[in-house]
Amino acid sequence: MVGRAPSVENSILCVPLISFIMCSLEDTRRTYPLFRTLKPAKVYVTDDVYGDPAAAARVETMMSAIEPDAPLQCVTYDELNDIAPQRWSSVPRWGAVVNPRDPDLVLTTGKFWSDEQKQSFLEKYPNLATHDLAGFTVKAWRRDGETDWREENRGTVCQSAWQLHSIMGCPFRCAYCGLGGVNRILVNVEEYMAHLNEIVSLDPKQRLYKWDNVTDVSVFEPELGHSKMLVEYFADKPDRYLEIYVGKSNNID
Ligand code: SF4
């Protein structure tokens, strides 16, 4: 059984956990890395990451908890565009993988660009649309609360909300899930946070924000550091709520 690469808009894969019970605001650095040491075959870092000192430092921190088979490879988008169809054109659901192993990692930047800039980029690098390797989906509106959406989607009922996205893919191996193969992680977290006010201001009446239902966000903490920043941001906004999607991890403080 082969699963299509999931769309961000239509994935409900993890059980949400309200943020305030997940993370303390203290320094939560552990004496052991990530939720376990990841052992991917490949780790690719796009070269633009090294134009952002904080993002580059984050890669170094994350690599301290990762043991790839091959050395970390810095790649241009041109090179990643060639690699993508060779390695991730068809990602089976975890349950269909014989001898599963940790997904490849692609560490790149989230892009806060205009639609025209994005279109032009994908015309040049069309293979980077898959798994959002381009890093375009930093947010998405999910219409769970709207009647037509509910009727089209198994009758499930939830609140509509902005989804915040920075990770695509997950190293857990739930048999029904197609989020293996590659984990794309946005490492320019400071830049992401600098744009968060723009996202939160898109609809002043919106109070719920969901992060990130195409992964288990706690897997990559504390090295990624995005959970702590988001929790602190929303802790300062008494009328706004962050819902954190945690699937199978007990990597929770
Ligand atoms: S593999 Fe990860 S993202 Fe997929 S269902 Fe399991 S915990 Fe959720």
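Begin by selecting strand 6 (residues 161-164) and strand 9 (residues 208-211), which run parallel and are joined by three bridges; helices (H or I, at least four residues) and strands (E, at least two) are DSSP runs, numbered from the N terminus, and two strands count as paired if DSSP finds at least two bridges between them. Residues are numbered from 1 along each chain as its sequence is written. The model you are looking at is predicted, and local features need pLDDT of at least 70, side-chain atom pairs count only at pLDDT 80 or more, while totals for chains, interfaces and linings use all residues.

Within this pair, show L164 and W211, since W211 in strand 9 is the bridge partner of L164. Staying on W211 and leaving aside its neighbours within four places in sequence, you will find it in contact (C-beta atoms, placed from the backbone, within 7 Å) with L164, V217, L230, L242, I244 and Y245.

Now add strand 5 (residues 139-142), which pairs with strand 6 in the antiparallel sense over four bridges, and pick out W141, which stands opposite W162 in strand 6.

Next, move to the open sheet of five strands, whose order is 3-2-4-8-7 and whose pairing is mixed. Its edge strands, each pairing on one side only, are strand 3 and strand 7 (167-168). Select strand 2 (residues 43-46), which pairs in the parallel sense with strand 3 (residues 73-75) over three bridges, with V45 opposite C74. Strand 2 is also joined by three bridges to strand 4 (residues 104-108), again running parallel, and here V43 stands opposite L105. Continue to strand 8 (residues 182-186), which pairs with strand 4 in the parallel sense over five bridges, D104 having V182 as its bridge partner.

Which way do the side chains of strand 2 point? V43 and V45 point one way and Y44 and T46 the other, and all are buried, meaning that 20 or more other C-beta atoms lie within 10 Å of the residue's own, with C-beta atoms placed from the backbone. In a regular strand the side chains alternate between the two faces of the sheet.

Then colour the largest nonpolar core (buried Ala, Val, Leu, Ile, Met, Phe, Trp, Tyr and Cys residues joined through C-beta atoms within 7 Å), which has 46 residues, L107, I185, V187 and W211 having the most contacts inside it. The largest share, four residues, comes from helix 2 (residues 77-88).

Finally, colour by pLDDT, the predictor's confidence in each residue, from 0 to 100: the mean for the protein is 85, and 85% of its residues reach 70 or more.

Key. Buried ≥ 20, exposed ≤ 12 C-beta atoms within 10 Å, placed from the backbone. Contact = placed C-beta atoms within 7 Å.
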